[in-house]
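Me: Please take one part of this model and look at it closely, and then follow the connections that lead away from it. I would like one continuous account rather than a list.

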4 protein chains.
Amino acid sequence: MEEMPTFETREEVMFFDTDCGGVVHNIAYLRMIETCRTKLAAKLGMSLREMAQTQVYPVVVRTEIDYRRPAVLGDELVIVGKLHSVERARFWCAFEMRRVADGTLLITCKQQLALVQMPQGRPMRLPEDWKQKYAPASPQ
Amino acid sequence: MEEMPTFETREEVMFFDTDCGGVVHNIAYLRMIETCRTKLAAKLGMSLREMAQTQVYPVVVRTEIDYRRPAVLGDELVIVGKLHSVERARFWCAFEMRRVADGTLLITCKQQLALVQMPQGRPMRLPEDWKQKYAPASPQ
Amino acid sequence: MEEMPTFETREEVMFFDTDCGGVVHNIAYLRMIETCRTKLAAKLGMSLREMAQTQVYPVVVRTEIDYRRPAVLGDELVIVGKLHSVERARFWCAFEMRRVADGTLLITCKQQLALVQMPQGRPMRLPEDWKQKYAPASPQ
Amino acid sequence: MEEMPTFETREEVMFFDTDCGGVVHNIAYLRMIETCRTKLAAKLGMSLREMAQTQVYPVVVRTEIDYRRPAVLGDELVIVGKLHSVERARFWCAFEMRRVADGTLLITCKQQLALVQMPQGRPMRLPEDWKQKYAPASPQ
């Protein structure tokens, strides 16, 4: 069994990420996580260009996100995403977001995804070799 | 004990809510839920104008969202939010989103919130009478 | 010649509309304007459901927006959009956004749109009767 | 007189940038332009961290944007921003966005900014040496 694939992205907090509470808005973190997840998916063989042609997309079916500490304007953030576990037709990714300056853990997030043929929304099986290569989903 | 407060909002799916998969983007639903939550909070005594003055905000500390069926451009959606349960310093809201035309359940979501004094981020106790008025959080 | 069609929408400023400067973020106003424009387009015979089927969309080709006064959290805003002028294959809409409480003019905006067959992006002629019904574009 | 400062940023088009027309949504380009503008401003001596402390911000007072060609999912884009001209209390930036793969010009944009002390919104003079260093605004 191979080690679970990971991907790391960086973001600098912009004005459009913040709200009048003075910190990053809760929805903005999910945009940053999507960028990390999309690049992780490309590493797993699902590139954006290919998706645009085949119309087969990994679709988020569940998100769990914990907001532990807030980020502020100008913070540099690092997001680490990894493939967490694999089921027959779905898979989980897990994410951690930290402030680069002091390593503080700001966000943890898990997302469950399904492969779907759009626009009909028909669920597709995951690639045959994922079961061999990657760890099965543990009972939650 | 009073019945748990609820609030209902309506949205029509706009272009900016959708993505090139042809359906509403997963993050857009959370913006719609925030509108419902904010108006529910106002009903609970936390108005936006008051928040802007006192800088005491209800802050999302956890979101759980399940994407059951997709919405498409032009769909009219109804979001029902309710106060779900109350702890000493935190409370849960629960949301359901349906397509008005056929009543299909599209989204279920729970969010845990804390009252926080910004910008220091100091947690505040919930109003004293909430414990009496509203149901306690059940063990999850 | 008919009077130019208008449409009015209302918005309440939410957290996700603001940034850490304490006012509404410049991009958020454009989302509000898009909602008004989309409903104005429906009134002109271009409904969202029809667009989703025909894949003929009015596409923004130019935006000019002036930020005159800022809105803040909780402000109720009214956006008035109107068809401003019509060319052969393009048309202009004009928008004014005001704070309901005191009528202050916050935003003025003009957008030029083209009718486009997606996804090829082929420009389409405007409906034949628009020239008769609506004022021609004046030289700018 | 010095050459006008420039800054270049890169973006990869994500799902959240697109809409159901199959191309990048008109508002998403402005988020990409803001990232470029913010880094250009940092180069001009206005860093995000400093702004967060002094609450003196460069505020967009006018945007003009032309949508020339659409970008699609997975496109890599390059945004070049430059200081365009300087007035006493305001300055203009100009932006060009191109597809990296073929150099196609997708977007041109100009934004006028004012330095403002928040939250009062009081306009501030630009730094004294900008007039000497940078070209004056030409009549439009």
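Reply: The contact between chain B and chain A is a good place to begin, because 100% of the interface residues of chain B are also interface residues in chain A, so that the copies meet through the same surface. This is a predicted model, and what follows should be read as a description of that prediction. A turn of 180° with a shift of 0.0 Å along the axis lays chain B on chain A, with an RMSD of 0.0 Å. The C-alpha of chain B that comes nearest that axis belongs to Glu64(B), at 2.3 Å from it.

In terms of residues, 21 from chain B are in contact with 21 from chain A. On the side of chain B that touches chain A, helix 1 (26–43) and strand 2 (56–67) of chain B each supply at least two residues, and strand 2 of chain B gives the most, with nine residues. Sorted by class, this side of chain B holds 12 nonpolar, five polar and four charged residues. The two copies of the strand also pair directly: strand 2 (residues 56–67) of chain A and strand 2 of chain B run in the antiparallel sense, joined over five bridges. Within strand 2 of chain B, Asp66(B) is the residue that stands opposite Arg62(A).

Helix 1 can be followed further in chain A, where it covers residues 26–43. At 1.5 Å a residue, its 18 residues should span 26 Å, and its end C-alpha atoms are 27 Å apart, which agrees. Of these 18 residues of helix 1 of chain A, 13 are buried, so the helix is mostly covered. Just beyond helix 1 of chain A comes Gly45(A), which takes a positive phi of about 105°.

Back in chain B, Phe95(B) gives a view of the surroundings of another strand, as its place is in strand 4 (residues 90–99) of chain B. Phe95(B) counts as buried because it has 25 C-beta neighbours inside 10 Å, where 20 or more are needed. Leaving aside residues up to four places away in sequence, Phe95(B) touches Ile33(B), Cys36(B), Ile79(B), Val80(B), Gly81(B), Thr108(B) and Cys109(B). One of these, Val80(B), is 15 residues from Phe95(B) in sequence, while their C-alpha atoms are 5.5 Å apart in space.

How the strands are laid out inside a chain can be traced in chain D. There, strand 2 (residues 56–67) and strand 5 (residues 105–117) run antiparallel and are joined by 11 bridges, with Arg62(D) standing opposite Gln112(D) in strand 5 of chain D. Strand 5 of chain D is also joined to strand 4 (residues 90–99) of chain D, again antiparallel, by nine bridges, and here Met97(D) stands opposite Ile107(D) of strand 5. The hairpin of strand 4 and strand 5 of chain D has five residues between the strands, and in it Gly103(D) takes a positive phi near 75°. Three bridges then join strand 5 of chain D to strand 6 (residues 122–124) of chain D, which run antiparallel, and the bridge partner of Gln117(D) in strand 6 is Arg122(D). In this hairpin of strand 5 and strand 6 of chain D, with four residues between the strands, Gly121(D) has a positive phi near 80°.

A positive phi also appears in chain D at a residue that is not a glycine, namely Gln55(D), with a value of about 60°. Gln55(D) lies in the loop between helix 2 (48–54) and strand 2 of chain D, and it is partly exposed, with 14 other C-beta atoms within 10 Å. In chain C, Gln55(C) has a positive phi of about 60° although it is not a glycine; its loop is the one between helix 2 (48–54) and strand 2 (56–67) of chain C. Gln55(C) is partly exposed, with 14 other C-beta atoms within 10 Å.

Chain C brings the account back to chain B. A turn of 180° and a shift of 0.0 Å along the axis lay chain B on chain C with an RMSD of 0.0 Å, and the two copies are thus related as by a two-fold rotation axis. Of the interface residues of chain B, 100% are also interface residues in chain C, so these copies too meet through the same surface.

Terms used
Residues numbered from 1 in each chain as written. Chains lettered and ligands numbered in written order. Predicted model: local features only at pLDDT ≥ 70, side-chain atom pairs only at ≥ 80, totals over all residues. Least-squares fit on C-alpha atoms with pLDDT ≥ 70 in both. Contact = placed C-beta atoms within 7 Å. Expected span 1.5 Å × (residues − 1). Buried ≥ 20, exposed ≤ 12 C-beta atoms within 10 Å, placed from the backbone. Nonpolar A, V, L, I, M, F, W, Y, C, P; charged D, E, K, R; others polar. Pairing = 2+ DSSP bridges.
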